[in-house]
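Trainee: Could you show me how to read the packing in a model like this one? I would like to start from a single residue and work outwards.
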Amino acid sequence: MKRKEKRTQLRSMGYVAPAMLVLIFLLVIPLFYTLYCSLYNLDYLVKGDFVGLGNYLRLLKDVRISKSLLFTFEITIISTLLSVGIGLLLALWVDREHGLFAYLIEMFGLIPWVISMMVAALLWRWLFNGDLGLFNMILKALGYNPIYVVENKNSAIIALIFVLTWRLVGYAMIMILAGLKSLDPVLLEAAKVDGATPWQLLWHIKLPLIKTQLLLSIIVLTVSNFTNNTVPKVLTSGGPNDATNVITLFQYNLGFRYYQFGTSAALSILIMLITSLIIVLYIKVSNYKI
């Protein structure tokens with residue numbers, strides 16, 4: 001029996017081993033190599049002196065980093081709240097609908113999530129273009145002056161938040177809808193018989209029962225928005241005048257524009273620690289028990 005159990009364990013480990021090797025080579029080894037690079041002066045990929053925590057201290061003292069980090073938190077919070085809020089409303093709406101109409105809403109809601117971020121950002125950049133964009137072509141046809149969205153600070157920030165929200169609404173809708181569909185209809189009918197209003201039904205029964213789906217949606221959307229580099233890079237390129245320079249774009253520029261790879265690696269580690277802390281805080285605040 002012991003030999004049979006050992007063979008079973010070895011066979012199970014053999015099934016898991018390929019996936020574990022992929023994770024090790026794609027995640028674990030790069031993570032430790034990034035941590036190693038962050039401890040050295042690594043300009044232009046030339047290994048310099050060992051600086052220890054020097055790169056981290058330099059980042060913490062940099063005013064541009066704190067400003068970029070604060071802006072990243074702001075657009076992350078706003079876009080996540082909008083995505084989850086709109087996704088919740090759409091999920092409640094679709095949950096009441098049936099047939100082809102409900103399926104169409106789900107399908108069109110998921111399109112922004114499944115298409116390439118690069119393609120989506122390029123599409124919106126073209127739509128917002130001040131000279132050749134579709135929106136401004138319509139405005140010109142109506143006799144109005146064109147609006148240069150990405151060239152203006154305030155409108156560029158609004159456009160960035162809009163695109164981030166648009167991209168993730170479908171994911172939030174599907175996750176919350178899955179939770180709503182799993183609710184026991186007998187429980188809901190019993191609450192209605194007891195005189196529960198639609199608001200009481202939502203606040204005291206539906207939302208507590210889909211707590212897991214809501215928490216997972218908030219975590220995924222927050223991390224996705226906080227670490228998103230593609231949309232800001234393609235849509236606004238951090239401009240105008242660094243007005244939309246999010247922390248991941250700042251980290252990208254450190255490495256691939258200024259070739260300060262040691263400092264860029266240190267910033268990557270800090271971003272990873274911040275996102276990990278965000279996940280822990282969400283779980284603690286929601287009092288979620290695994």
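Mentor: Happy to, and keep in mind that this model is predicted. Let us start with isoleucine 210: beyond its neighbours within four places in sequence, its contacts are Ile176, Gly179, Leu180 and Leu183.

Trainee: Which residues have the most contacts inside the largest nonpolar core?

Mentor: A nonpolar core joins buried residues through side-chain atoms within 4.5 Å. Here the largest one has 25 residues, and Ile176, Leu180 and Ile210 have the most contacts inside it. Two or more residues come from each of H3, H4, H7, H8, H9 and H10. H7 (153-181) is the top contributor, giving eight residues. There is also a second, separate core of 17 residues, with Phe128, Ile157, Val231 and Val246 among them.

Trainee: At what angle do the axes of H9 and H10 cross?

Mentor: At roughly 65°, and the two axes come within 4 Å. On the H9 side, the contact uses Leu207, Pro208 and Leu209, while H10 brings Lys211, Gln213 and Leu214. By type, that makes four nonpolar residues, one polar and one charged.

Trainee: Now a single helix: what span does H13 reach from its first C-alpha to its last?

Mentor: A good check is to compare the span with the one expected at 1.5 Å a residue. H13 covers residues 261-285 and reaches 36 Å, close to the expected 36 Å.

Trainee: And which residues of H13 are buried?

Mentor: First, the general idea: an α-helix has 3.6 residues a turn, so residues three or four places apart point the same way. In H13, the buried residues include Phe261, Leu267, Ile271, Thr275 and Ile278.

Key
Residues are numbered from 1 along each chain as its sequence is written. This is a predicted model: local features need pLDDT of at least 70, side-chain atom pairs count only at pLDDT 80 or more; totals for chains, interfaces and linings use all residues. Side-chain values use heavy atoms; hydrogens and water are left out. Buried means under 20% relative accessible area, exposed over 50%, partly exposed in between (1.4 Å probe, protein chains only). Contact means heavy atoms within 4.5 Å. The expected span of a helix is 1.5 Å times one less than its number of residues. Axes are lines fitted to C-alpha atoms, for helices over the stretch in contact, and angles run from 0 to 180 degrees between N-to-C directions. Ala, Val, Leu, Ile, Met, Phe, Trp, Tyr, Cys and Pro count as nonpolar, Asp, Glu, Lys and Arg as charged, and the others, Gly among them, as polar.
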